[in-house]
Amino acid sequence: MTSSVEQLRNAYAIRGHSRASRTDIVNFRDRQLRRMVQHAYRNVPYYRALYDEHGVHPDAIRGAEDMPMLPAVTKTHFRGVPERERVASGLDPETLIPAASSGSSGRPFTIRRSWMEHNVLYLPRIRALRSYGVKRTDRSFNILNPKNVHARDNKMLGRSLVALGLLTKQKRMSIHLDAASIALEVRAYRPNMLSGYPNMLARVSEELAREPMAPPSIRVALTGAESLTPDLRRKIEARLGVPVRDQYGSNECNLMAWECSRGGSLHTSDDTVLVEVIAPDGTPVSPGHRGEVVITSLHSFAMPLIRFRLGDLAMQGAGLCGCGAPFGTIRSVQGRMLDMFPLPDGRVIHPYYLSESLIMDDPDWIENFQLTQERLGHITMRIIARAEPTSQRIERLRALGAELLGACVEFELMIVDSIPSETSGKYRPARSFVTSSYDDVTIQSVPSASTISSSETFFAAESQ
Ligand SMILES: [Zn+2]
């Protein structure tokens, strides 16, 4: 394990890296990688077994270019192993800070970090805000998923950071509220920076554009957590009259890349995470080519994440950004594509409204799921079960779904063996065929009976 002194030294170094040379950052990154791989092999049973099985010794890893020697791990593989074997020996998982892995695409599992590790991962967020000219005295307004705000994350920490002048004053609102109510709060709060899910920001900005805002006005809009399409960007920029800057983060590693302040490429946070864009054989793709994103957290020693497949696609960018920043780049990240669902009664709901109530309530038997809206008044949930669900469980889920959606929507539940991905290879956990922000960025492939195994059990809701 790294000592607290080392961690503080690292945190201090990261704070200064915006002005460091590329060589300094590469050296820092490679040193952390070597430490992490050695540590994982010596202290984490899961990695020791994995690397022994693949016949690779940590001494072979000197830096980022050696990482393809190590096997990439999937969420399914990772969570199939008991937690104690994934946590560094000698640590009690219960004493660590828990964070759910991204729950939008299947059963979540818990990532655990020490207090210090957890907080180091906030530094790239502060760095990104500074690059956009967001000052300590500015006010930010964040529209987010309340489930992503973890119990110990982080009212206390947030207050301390604001008090220390490291973080801006912020107000948070839930994506489960409607756009008009959120816009009212934004007007009252008068933030300098607005951030949220692209689909939601497009709706809120539409409300805000109806009449001028009282100064001080918003200077920049930040998007994250789902894919920002050129169309959504254009809408938000036109309605707010400010630039949109995209951020690429995950629950596993907090902020991993942030858009250049000049727009275009995303700077990768090379001193906190190694972001690899790889081909199916595990080797890096060349700049301009698309591949799968695999991450290695450089500071999470309590529960190491080494070459962890997030399920996102991205394009490899230039080795350095044209703006002169000392970070690598990636482009056009295709992260989560979550459509919002307009309902016949006028509500427009975020899919998390359904998935979190339905999945988080009783997650153990669900391996993966997909929500699709075929018509305004018809939503289907497909579930791949880990274990044969009891009829009680299914009935409860069906009733809960029907209750959340109301009498105007027919809710259909299907237990299936597989859920088809898009032709692009990207799985879309929430898809509306009524209105979608993402259909023009991926090749359309409508789930049809032929793509789902005939052995599926079928549970239709009775019509309301
Ligand atoms: Zn740049």
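A polar contact is taken here as a pair of N or O atoms within 3.5 Å, where, within protein, one atom must be able to donate a hydrogen and the other to accept it. With that in hand, a good place to enter this predicted model is His 299, since the backbone oxygen of Asp 271 lies 2.7 Å from a polar atom of the His 299 side chain, inside the 3.5 Å limit. His 299 sits in the loop between strand S11 (290-297) and S12. Its relative accessibility is 6%, so His 299 counts as buried. The surroundings of His 299 draw on several stretches of the chain: beyond its neighbours within four places in sequence, the residue is in contact with Asn 10, Ile 14, Phe 28, Gln 32, Met 36, Glu 117, Val 120, Asp 271 and Thr 272. A C-alpha to C-alpha distance of 9.8 Å separates His 299 from Ala 11, although their positions lie 288 residues apart in sequence.

Asp 271 also has a part to play through its side chain, which meets that of Arg 127 in a salt bridge with an N to O distance of 2.7 Å. This pair links distant parts of the chain, with Asp 271 in the loop between strand S9 (266-268) and strand S10 (273-278) and Arg 127 in helix H7 (residues 123-131), 144 residues apart. Both Asp 271 and Arg 127 are buried. Thr 272, one of the contacts of His 299, is also touched by Thr 296. Thr 296 belongs to strand S11 and is buried, with a relative accessible area of 0%. Setting aside residues up to four places away in sequence, the other contacts of Thr 296 are Leu 33, Met 67, Val 273, Leu 274, Glu 276, Leu 305, Ile 306 and Arg 307.

Turning to charge pairing more broadly, side chains of opposite charge can pair when their charged atoms come close. Across the whole structure, a search finds 20 salt bridges. One of these joins Arg 62 and Asp 66, at 3.0 Å from N to O. The two partners differ in their setting: Arg 62 has a relative accessibility of 55% and therefore counts as exposed, whereas Asp 66, at 7%, counts as buried. Another salt bridge brings together the side chains of Asp 231 and Lys 235, at 3.1 Å from N to O. These two residues are 4 residues apart in helix H11 (residues 230-240), so about one helical turn separates them. Asp 231 is partly exposed, with a relative accessible area of 27%, and Lys 235 is partly exposed as well, at 30%. Through salt bridges that share partners, Asp 231, Arg 234 and Lys 235 are joined into one network.

Arg 86 offers a contrasting case. Located in helix H5 (residues 83-86), Arg 86 is buried yet has no salt bridge, and the nearest side chain of opposite charge, that of Glu 83, is 5.1 Å away. The cut-off for a salt bridge is 4 Å, so the separation of 5.1 Å between Arg 86 and Glu 83 falls outside it. A polar atom of the Arg 86 side chain does, however, lie 2.9 Å from the backbone oxygen of Phe 78. Not counting residues up to four places away in sequence, Arg 86 touches Val 44, Tyr 46, Phe 78, Arg 79, Val 81, Phe 109, Thr 110, Ala 302, Met 303 and Pro 304.

Two of those contacts, Tyr 46 and Phe 78, lead on to the aromatic residues. Together with Tyr 47, Tyr 51 and Phe 308, they form one aromatic cluster. A pair of aromatic rings is described by the distance of the centres and the angle of the planes. The structure holds 7 aromatic pairs. In the pair of Tyr 46 and Tyr 47, the ring centres are 5.0 Å apart and the planes meet at 80°, so the arrangement is edge-to-face. Tyr 46 counts as buried at 5% relative accessibility, and Tyr 47 counts as buried at 0%. Trp 258 and Phe 327 also pair edge-to-face, because their ring centres are 5.2 Å apart and their planes stand at 70°. Trp 258 lies in strand S8 (residues 254-259) and Phe 327 in the loop between strand S12 (308-316) and strand S13 (329-334), so this pair ties together parts that are 69 residues apart in sequence. Trp 258 and Phe 327 are both buried. Finally, a charge meets a ring where Arg 139 lies over the face of Tyr 189, at 4.4 Å from the ring centre.

Key:
Residues are numbered from 1 along each chain as its sequence is written. Side-chain values use heavy atoms; hydrogens and water are left out. Rings of Phe, Tyr and Trp (its six-membered ring) pair if their centres lie within 6.5 Å; planes under 30 degrees apart count as stacked, over 60 as edge-to-face and the rest as tilted. Buried means under 20% relative accessible area, exposed over 50%, partly exposed in between (1.4 Å probe, protein chains only). A charge sits over a ring if NZ of Lys or CZ of Arg is within 6 Å of the ring centre and within 35 degrees of the ring normal. Lys and Arg count as positive and Asp and Glu as negative; His and the chain ends are not counted. Contact means heavy atoms within 4.5 Å.
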